[in-house]
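Got the sequence and the 3D view open? Let's take a walk through this structure, one topic at a time.

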Amino acid sequence: MKVEAVRGMTDILPEEALLWQYVEAEIREAVAIYGYREIRTPIVERAELFARGVGEATDIVHKEMYVFPDKKGQMLALRPEATASVVRAYIEHGLHARGGVAKLYYLGPMFRYEKPQKGRKRQFHQYGVEAIGSLDPALDAEVIDLAWYIMERLGLRREGLFLRLNSIGCPEDRPRYREALREYFLPHRERLCPDCQRRLVENPLRILDCKVPTCQEIARDAPRSIDYLCEECRAHFEGLLQYLDALELAYEMDPKLVRGLDYYTRTVFELASRDLGAQDALLGGGRYDGLVEVLGGPPTPGVGFAGGLERLILVLGERDVSHRCYHIIAGPRVYLLPVGKAEVAEALRILATLRRAGIPSDMDYAGRSLRKRLQAAARCGARYALFLGEEELSRSEVKTRDLSTGEEEYVPVGELVDYLKRRI
Ligand code: HAM
């Protein structure tokens, strides 16, 4: 019986993996230019980290998290996101003691038991940044600028993208806003979906990002969080808008943007693509000024975002970016063709030398005829075929064939590296 991949978890085959490598390399370089350094946290964490960090009542934790006991009965989870993990590591390793802002980035698989569709998987990949240690709205602006910079580097035009922006205030503002929402939704209670009826009691903010059409329609005229901001939160948001203007970064105010994770305070944003349909958020983020404390650290503010690599690849896949993958080794440039068994040992020795000189090279191990092997060499994009027969071997030479012109030459084995390096 065939064993297939788990639903919503996809293989990335070699041709597509090239594009992934290119995108990942661009992201790593972009974030490094902005001063972020990589942090790698485990894929498995205690389930409680996300229950406390992301919020017990969120869909991500309540419905979508992969939770399982280990052999001692400890409840573990496959991480559904990385902000809680990064903050846990920040506290655990005392990174706060180093002072200043900790600028951390990550890239890796996340897991959510969602209904798979275009741009939405159960195992998906996020790249993300977290800047922990400052309340300054200039840092929010810098983080948003970095999101745009990544898009620019990947060649995505600004016109095809837009930034949704909102401020959801601080924990002091929240009860007043929640109450206003509750009052607004209560008369519509019967028409809300069963989930939103529960949300009305637990956390009415979550009704604002419900995807059910009637709930969306009811939510259209709901109170706006920016009308419930305290003095400080208002000043913070105005500061951010000023900085975004200074950076000439456009945004669209979206009063319904509350984001599906409970740790957010003040700034929330999403960068979306006009080409993606329902799952249009290329990345999302915001401030989480209470999270470090919730997870047991000293009160420390933070801001960051994460983006889905699958969605980036989807938008990029519609463009031809193969010419930009040039610095990635896509396949052998040189293909060796030992004519018979007797030449295989020498071919292996030459291959080892070429590879150590950094020349991507290969040969056939499937026992195919010389003609078939030559076809394979052309198909894999090699520039040179190197023939190695009894005669060549006796003279310590190989016959090179330029596969683009058909031109042939005899080259001493000792000069091969220089010869090829000059030509490919
Ligand atoms: P999030 O909005 O849940 O935020 O996810 C961020 C991005 O990950 C989304 O905008 C989307 O591009 C991608 N994404 C989410 N779920 C899926 C899925 N099932 N399949 C494919 N892509 C997906 C967070 O995760 C926060 N930790 C972001 C953050 C960092 N906030 C502050 N710092």
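Below is a short tour of sheets, helices, salt bridges and surface. Keep in mind that this is a predicted model. Two open sheets get the spotlight: one has eight strands, and the other has three.

**The eight-stranded sheet**

- This open sheet runs in the order 1-5-6-11-10-9-7-8, and its pairing is mixed.
- Its edges are strand 1 and strand 8 (252-253), each of which pairs on one side only.
- Inside the order you'll find strand 9 (residues 265-273) and strand 10 (residues 281-287), which run antiparallel and are joined by six bridges.
- Want one pair to look up in the viewer? Glu270 has Gly284 of strand 10 as its bridge partner.
- Helix 9 (residues 231-246) lies across strand 7 (161-167), strand 8, strand 9 and strand 10. Helix 9 runs at about 160 degrees to strand 7.

**The three-stranded sheet**

- Here the order is 2-4-3, the sheet is open, and the pairing is antiparallel.
- Strand 2 and strand 3 are the edge strands, so to speak the outer rails: each pairs on one side only.
- On average, neighbouring strands of this sheet are turned by 40 degrees against each other, direction ignored.
- Strand 4 (residues 75-78) pairs with strand 2 over three bridges, in the antiparallel sense. In this pairing, Arg46 stands opposite Leu76 of strand 4.
- Strand 3 (residues 67-69) also pairs with strand 4 in the antiparallel sense, over three bridges. Across from Val67 stands Ala77 in strand 4, while Pro69 has Met75 as its bridge partner.
- Five residues sit between the strands in the hairpin of strand 3 and strand 4, and Gly73 takes a positive phi near 85 degrees there.
- Helix 2 (residues 47-55) packs on this sheet and touches strand 2, strand 3 and strand 4. The direction of helix 2 makes about 70 degrees with that of strand 2.

**Another hairpin to find**

- Further along the chain, strand 15 (residues 397-402) and strand 16 (residues 408-412) run antiparallel, joined by five bridges.
- Glu397 has its bridge partner in strand 16, namely Pro412.
- This hairpin has five residues between the strands, and Gly406 takes a positive phi near 85 degrees.

**Salt bridges**

- Side chains of opposite charge can pair when their charged atoms come close.
- How many salt bridges does a search of the whole structure find? The count is 39.
- Arg164 and Glu270 make one of them, with their closest N and O atoms 2.9 Å apart. Arg164 lies in strand 7 and Glu270 in strand 9, so this pair ties together parts that are 106 residues apart in sequence. Both Arg164 and Glu270 are buried.
- Glu152 and Arg158 also meet through their side chains, at 3.0 Å from N to O. Why does Glu152 count as partly exposed? Because its relative accessible area is 39%, which falls between the 20% limit for buried and the 50% limit for exposed. Arg158 is partly exposed too, at 37% relative accessibility.
- Arg198 and Glu202 form a salt bridge with their closest N and O atoms 2.9 Å apart. Both sit in helix 7 (residues 194-202), four residues apart, which is about one turn of the helix.
- That pair belongs to one network, in which salt bridges with shared partners join Asp59, Lys63, Asp195, Arg198, Arg199 and Glu202.
- Glu202 itself is partly exposed, with a relative accessible area of 43%.

**Inside and outside**

- Is helix 11 (residues 309-317) largely enclosed or open? Seven of its nine residues are buried, so helix 11 is largely enclosed by the rest of the structure.
- The buried residues of helix 11 are Leu309, Glu310, Arg311, Leu312, Ile313, Val315 and Leu316.
- At the surface, Ile43, Val44 and Phe68 make a nonpolar patch of about 210 Å².
- Ile43 sits in the loop between strand 1 (37-38) and strand 2 (44-46). At 34% relative accessibility, Ile43 counts as partly exposed.

Definitions and conventions
Residues numbered from 1 in each chain as written. Predicted model: local features only at pLDDT ≥ 70, side-chain atom pairs only at ≥ 80, totals over all residues. Heavy atoms only, no water. Patch = residues over 30% accessible without salt bridge, like charges linked within 9 Å, V, L, I, M, F, W, Y side chains within 5 Å. Areas by Shrake-Rupley, 256 points an atom, 1.4 Å probe, with all protein chains shown as cover. Salt bridge = Lys/Arg side-chain N within 4 Å of Asp/Glu carboxyl O. Buried < 20%, exposed > 50% of the residue type's maximum accessible area, 1.4 Å probe, protein only. Pairing = 2+ DSSP bridges. Contact = heavy atoms within 4.5 Å. Axes fitted to C-alpha atoms, helices over the stretch in contact; angles between N-to-C directions.
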